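Visitor: I should like to learn how features of a model such as this one are read. May we begin with the place where the chains meet?

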Amino acid sequence: MTKTLSKQKVTCYHCGDECDNFPIESEDLSFCCVGCKNVYAILSQNNLCDYYNLESNPGTAIRNPVSKTKFNYLDDEQVLKKLIDFNDGGIQKVTLFIPIMHCSSCIWLLENLYKLDKGVTNSRVNFLKKNLSLTYKTETTSLRKIVELLSSIGYEPAINLNDIETQVKKGENKRLSYQIGVAGFCFGNIMLISFPEYFGLDEFARVNFSRLFGYLNMFLALPVFLFSAQDYFKNAYKGLRKNHIGIDVPLALGIFVLFARSAYEIISHTGIGYFDTLAGLVFFILIGKWFQQKTFDTLSFERDYKSYFPIAVGVIADENETTVPVNNLKIGDRIIIRNNELIPTDSILMNGNANIDFSFVTGESAPVRKVLGEIIYAGGRQIGETIELEVSKKVSQSYLTQLWNNEHFAKQNESKIQTFQQTVSRYFTFALVIIAVASATWWLVFNPALSLNAFTSVLIIACPCALALSSPFALGTAMRILGRNKFYIKSPEVVEQIAKIDSIVFDKTGTITQSNDAKIDFIGDKLSDEEIQLIVSLAKHSVHPLSKKICQLLYQTKIIPVREFKEETGKGLQGFVGEKEVKIGSAKFLFPDGYLNLETSNLSTTVHVMIENNMRGYFKIEHSYRKGLNQLITQLKEHFKLYLLSGDNDSERKNMQELFGENAQLFFKQSPMEKLTFIERLQNQNQKVMMIGDGLNDAGALKASNIGISVSENTSHFSPASDVIMDASVFNNANRFIQFSKHTTIVIKMSFIISLIYNIIGLSFAVQGNLSPLIAAILMPLSSVTVIAFTTITTTLFAKKGGLE
Amino acid sequence: MNVMYLLIGCSLLMAIGFLFAFIWSVKSGQMDDDYTPSVRILFDDIEIKKNKTEEQEIKKN
């Protein structure tokens, strides 16, 4: 007895999961399943056991082995061509996305792949992007073989339709790095050369060096002016043509005037110019741009259905199975869908028991049974045995893809965002031009010689460097803080948008309910220990989610062997456990003739239990709500209008109404399209809507709303296109995130005032026509540094106050 | 004082050298991944250690 108890705590050497009753033992090590043991066997054969020394239990359990034919499509020339980065006769290079990698053992093993496959000449991991770059010889191996090898050791790459349809953009960030590098280099050297001038040169040095220093500075400022600052001129020009004045216009104006006046002073020997100010300014604003550009590498905010779809499916032609890329599927093709595979297009069920999980598309969590001849819409996932389907629509015309043909997915919603900085910079630019012209005219009347001097000085000193830095640093800091708290935003502007919202729309399934942590009650007479054992022993044999839940709840260590086990997919299980006949399943399964005198309820899913033809009662399985939901809704109720849109039936209406309060509007059985139009209706009433959803069924609504937040259990897995990806574990912090965003916008406004004060001080020198290069050289960096320090420190303080890390 | 011209030229040349080193490092992808190399460097240690112990064993034998 004690022996079984001690075994209970055994964890798998490979994956660290708790082993059940009978751990598989090999070489004194315990494994939870055959999959894990096999991986260990492969690794130990190849002397790769360091894998287990780097981190303990680094593996991932392989409970569902992938089918042998799954990756056959990788032999297809067309597919291969699109996946491969580089192909030179005998050598191919490819980059695979492996979402499962999670620790340094993973990196080590993947980089030692050559020990497992001699054809691999080089493998390199980019851990943050979860990418594996491979180089291999086509003579000895192929992409299919490598991918199969990776899958067999638990690192199945995610290859989907998106990979072959879009080309990844590269090199955009590098350009900015070059620009910063050049600006920084020139800034440093110009400062060095300008210093003697500021400290005062004696007569000898002035004669000999002053002119040289001036020309050197001009020479060094040229790359800054022509290369590093290039984008500001381009953007200002673009903006002006569209009659849109952003921060780029005064910046470009300031940079241009700085360069022109300095060059004139140097060439005419009238002064030393402001080249150090110019280089410093460009360097600082580029740093701001870079700081703001932080992206979350592993997350993709622009996913559509293509990221969910497989590249190819098995097709039966002339009794043989071949693999065909889904884009080439024709109406009438017979396709084969195996356990856990996605149905790529609308098709008719021809053979097999279909038990389809539509949670991607509709949000319904329970699998749906389909009968022969029924149409199954794209996006469903088959659970259970292999089925055969006949394609009835092309992939591009299926029900699911229609959603993406909606106008919302065609238009860019960048333009609708008007940031605080943009609003301010329009007025700022006008004010600046007016002051410059006014001071020029004033001097024209009283001292014409100083007129041009004053005009250019105003434009130089008012160049909104500090203003241009306040938003990037406040928003960039906020973005990092939110990211640390598992609230990942697409771009910094999103923070300002979040601060503006006034209504919040929730999706139900998967968003406020947690489908994998349901609450289970048993209704009926209390089960005896023996009965529990019987039920668990039977349920253990099924992979159906409800059976798994029951096993979880009634955790049992002793399993009785089962004879004559039968499972009718989607209905129930039966078999002889020991000597006793046990049946569990739906009411219909237990009482085929329709006999049913139990209370029928829509509130939850029921699983009935029958032992030896004796009705014992039923399990009631309710979706459980996310932790802290009650508290969160109570907080949000005070500030926002709340709505609920669910694809599910309205069995939980009563619960929900209680939770959301009398005033909240709840809608059930909403199709993806209805969700989208509902959001639009709210927006037409001038509401700023935040949509919180998860599945593909919310994709339209997420895109249409002002802020779309997709809740994800695992952020490296797929989530629909949205502005924010929120880790499910921080769902109850949603209110904090909104409050923090509001605080961040306050910080931006405060830092704007600071930079205005600096500008006014500078302007008071400039309008008098006596802005010396030294004052400019001190004021500009000083204002920038103050603003950077102020925004980052206050934003961080607000985060601490708001309970964020 | 003429040596100043030489010194200025030298310092500029050195700075340009560093600028090109920076551009080269960006171009060759050293800035793309700032996490994995920090882990990777530890792996080599383990392998070297292992080789050493093996060598030692061989020597002992």
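Guide: We may. The model is a predicted one, and the contact draws 16 residues from chain A and 15 residues from chain B.

Visitor: Which elements give two or more residues to the side of chain A that touches chain B?

Guide: They are helix H5 (104–111), strand E5 (120–126) and helix H8 (172–199) of chain A. H8(A) gives the most, with seven residues.

Visitor: How do the residues on that side divide by character?

Guide: The side of chain A that touches chain B holds eight nonpolar, six polar and two charged residues.

Visitor: What does the secondary structure of each chain come to?

Guide: Chain A has 28 helices and 28 strands. Chain B has two helices and zero strands.

Visitor: What share of each chain counts as buried?

Guide: A residue is buried if 20 or more other C-beta atoms lie within 10 Å of its own. In chain A, 43% of the 805 residues count as buried; in chain B, the figure is 0% of 61 residues. A further figure concerns sequence separation: among contacts in chain A between residues at least 6 apart in sequence, 67% join residues at least 24 apart.

Visitor: How is the length of a helix checked, for instance that of H2(A)?

Guide: One compares the expected span with the distance between the end C-alpha atoms. Helix H2 (residues 34–45) of chain A has twelve residues, which at 1.5 Å a residue should span 16 Å, and its end C-alpha atoms are 16 Å apart, so the two agree.

Visitor: Which residues of H2(A) are buried, and against what do they pack?

Guide: The buried residues of H2(A) are Gly35(A), Cys36(A), Lys37(A), Val39(A), Tyr40(A) and Leu43(A). Their packing partners in chain A are strand E1 (24–26), strand E2 (29–31) and helix H3 (50–54). After H2(A) comes Asn47(A), which has a positive phi near 55 degrees.

Visitor: Where else is phi positive in a residue that is not a glycine?

Guide: Two further cases are Glu564(A), with a positive phi of about 50 degrees, and Asn686(A), with a positive phi of about 65 degrees. Glu564(A) belongs to strand E19 (residues 562–568) of chain A, whereas Asn686(A) sits in the loop between helix H25 (672–684) and strand E26 (689–693) of chain A.

Visitor: Why does each of these two count as exposed?

Guide: The limit for an exposed residue is 12 or fewer neighbours. Glu564(A) counts as exposed because it has 8 C-beta neighbours inside 10 Å, and Asn686(A) because it has 7.

Visitor: How should one read the packing of two helices, such as H11(A) and H12(A)?

Guide: One takes the approach of the axes, the crossing angle, the handedness and then the residues in contact. The axes of helix H11 (residues 248–267) and helix H12 (residues 275–292) of chain A come within 9 Å and cross at roughly 155 degrees. H11(A) is therefore roughly antiparallel to H12(A), and the crossing is left-handed. The contact is made by Leu251(A), Ile255(A), Leu258(A), Phe259(A) and Ser262(A) of H11(A) and by Phe275(A), Thr277(A), Leu278(A), Leu281(A), Val282(A) and Ile285(A) of H12(A). These residues divide into nine nonpolar, two polar and no charged.

Visitor: What does the same reading give for H17(A) and H27(A)?

Guide: Helix H17 (residues 465–484) and helix H27 (residues 734–767) of chain A have axes that come within 9 Å and cross at roughly 160 degrees. The two are therefore roughly antiparallel to each other, and their crossing is right-handed. Residues of the contact include Ala466(A), Ser470(A) and Leu482(A) of H17(A), and Phe737(A), Val747(A) and Tyr758(A) of H27(A). In this contact there are twelve nonpolar, five polar and no charged residues.

Visitor: Lastly, where is Pro310(A), and which residues does it touch?

Guide: Pro310(A) lies in the loop between H12 and strand E7 (312–317) of chain A. Leaving aside residues up to four places away in sequence, Pro310(A) touches Asn160(A), Val326(A), Glu341(A), Leu342(A) and Pro344(A). Pro310(A) counts as partly exposed because it has 18 C-beta neighbours inside 10 Å.

Definitions and conventions: Residues are numbered from 1 along each chain as its sequence is written. Chains are lettered from A and ligands numbered from 1 in the order in which they are written. This is a predicted model: local features need pLDDT of at least 70, side-chain atom pairs count only at pLDDT 80 or more; totals for chains, interfaces and linings use all residues. Axes are lines fitted to C-alpha atoms, for helices over the stretch in contact, and angles run from 0 to 180 degrees between N-to-C directions. Helices (H or I, at least four residues) and strands (E, at least two) are DSSP runs, numbered from the N terminus. Angles under 35 degrees count as roughly parallel, over 145 as roughly antiparallel, 65 to 115 as roughly perpendicular and the rest as oblique. A crossing is left-handed if the near helix is turned anticlockwise from the far one by less than a right angle, and right-handed if clockwise. Two residues are in contact if their C-beta atoms, placed from the backbone, lie within 7 Å. Ala, Val, Leu, Ile, Met, Phe, Trp, Tyr, Cys and Pro count as nonpolar, Asp, Glu, Lys and Arg as charged, and the others, Gly among them, as polar. The expected span of a helix is 1.5 Å times one less than its number of residues.
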